[in-house]
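The following paragraphs offer a guided reading of one protein model, to be followed with the coordinates open alongside. The reading begins in a loop and then moves to the sheet and the interior.

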Amino acid sequence: MAKLAGRTTGRWRIVEMDQWDQDAIDLVEPGFITFTRDGTGEFGFIAVNGWMDCRWSKRDGQPFVEFTWEGNDEMDPASGRGWAVLAENGTLTGHLFIHLGEDSGFRATPLTETGKRNGR
């Protein structure tokens, strides 16, 4: 699992979602999704935060992760599931589902140690 997780491990900046524009995504803080080598992670966008339980595999030769999550949506308990795949161009694309609520595709780019997207 650690080998598959390696290329997706770290913090990613959510730069696009199907259901919301960037101002909404960044409402509380810049939208992000983070994966760790121990099979956990977290994300945040709008007023939604989640802590993830991840499972890695490969899809079409690329690292692929499926996850369940628990957290909150505007301070109310929330949970759901999602997935993400590393594209050949180095971006992360996926889909996040809120249990009994909305869902949206997303695209994310890696953050550098300085916290700037793509080293800029």
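Met75 has a relative accessibility of 72% and therefore counts as exposed, the threshold being over 50%. The model in which this residue is seen is a predicted one. Met75 belongs to the loop that joins β5 and β6. Its backbone deserves attention as well, since Met75 is not a glycine and yet has a positive phi of about 75°. Most residues other than glycine have a negative phi. A second residue with this feature is Leu100, whose phi is positive at about 60° although Leu100 is not a glycine either. Leu100 is placed in the loop between β7 and β8. With a relative accessibility of 81%, Leu100 also counts as exposed.

From these loops one may turn to the strands. Eight strands form a closed barrel in the order β1-β2-β3-β4-β5-β6-β7-β8, and their pairing is antiparallel. On average, neighbouring strands of this sheet are turned by 30° against each other, direction ignored. Strands of a sheet pair through backbone hydrogen bonds, either parallel or antiparallel.

Strand β1 illustrates the pairing on two sides. Toward strand β2 (residues 32-35), strand β1 (residues 10-17) runs antiparallel and is joined by four bridges. Within this pairing, Arg13 has Phe32 of β2 as its bridge partner, and Gly10 stands opposite Phe35 in β2. Strand β1 also pairs with strand β8 (residues 103-110), in the antiparallel sense and over five bridges. Here the bridge partner of Ile14 is Ala108 in β8.

Strand β5 (residues 62-73) includes Gln62. Is Gln62 buried or exposed? Its relative accessibility is 15%, and Gln62 therefore counts as buried, because the limit for burial is under 20%. The C-alpha atom of Gln62 is separated by 6.8 Å from that of Val85, although the two residues are 23 residues apart along the chain.

The next subject is the nonpolar interior. The largest nonpolar core comprises 26 residues, and those with the most contacts inside it are Ile33, Phe35, Phe43, Phe45, Met52, Phe67 and Trp69. Two or more residues of this core are given by each of β1, β2, β3 (40-45), β4 (48-59), β5, β6 (76-86), β7 (92-98) and β8. The largest share, four residues, comes from β4.

Phe43 offers a view of this core from one side chain. At 1% relative accessibility, Phe43 counts as buried. When residues up to four places away in sequence are not counted, Phe43 touches Phe32, Ile33, Val48, Asn49, Gly50, Met52, Trp69 and Leu96. One of these contacts, Trp69, is itself buried at 2% relative accessibility.

Which aromatic pairs and clusters involve these residues? A search of the whole structure finds six aromatic pairs. In one of them, the rings of Phe43 and Trp69 have centres 5.0 Å apart and planes at 85°, so the pair is edge-to-face, a class that requires an angle over 60 degrees. Phe43 lies in strand β3 and Trp69 in strand β5, so this pair ties together parts that are 26 residues apart in sequence. Phe43 and Trp69 also form one aromatic cluster together with Trp20 and Phe45.

A polar side chain completes the tour. Ser104 lies in strand β8, and its relative accessible area of 1% is why Ser104 is buried. What does the side chain of Ser104 reach? At 3.0 Å, the side chain of Ser104 reaches the backbone nitrogen of Asp18. A polar atom of the same side chain lies 3.1 Å from the backbone nitrogen of Gln19. Not counting residues up to four places away in sequence, Ser104 touches Met17, Asp18, Gln19, Trp20, Gly94, His95 and Leu96. Among these contacts of Ser104 is Trp20, a member of the aromatic cluster described above. Leu96 likewise appears among the contacts of Ser104 and among those of Phe43.

How values were computed: Residues numbered from 1 in each chain as written. Predicted model: local features only at pLDDT ≥ 70, side-chain atom pairs only at ≥ 80, totals over all residues. Heavy atoms only, no water. Buried < 20%, exposed > 50% of the residue type's maximum accessible area, 1.4 Å probe, protein only. Pairing = 2+ DSSP bridges. Axes fitted to C-alpha atoms, helices over the stretch in contact; angles between N-to-C directions. Core = buried A, V, L, I, M, F, W, Y, C linked by side-chain atoms within 4.5 Å. Contact = heavy atoms within 4.5 Å. Polar contact = N/O pair within 3.5 Å; in protein donor to acceptor, adjacent residues only side chain to side chain. Phe/Tyr/Trp six-rings, centres within 6.5 Å; stacked < 30°, edge-to-face > 60°.
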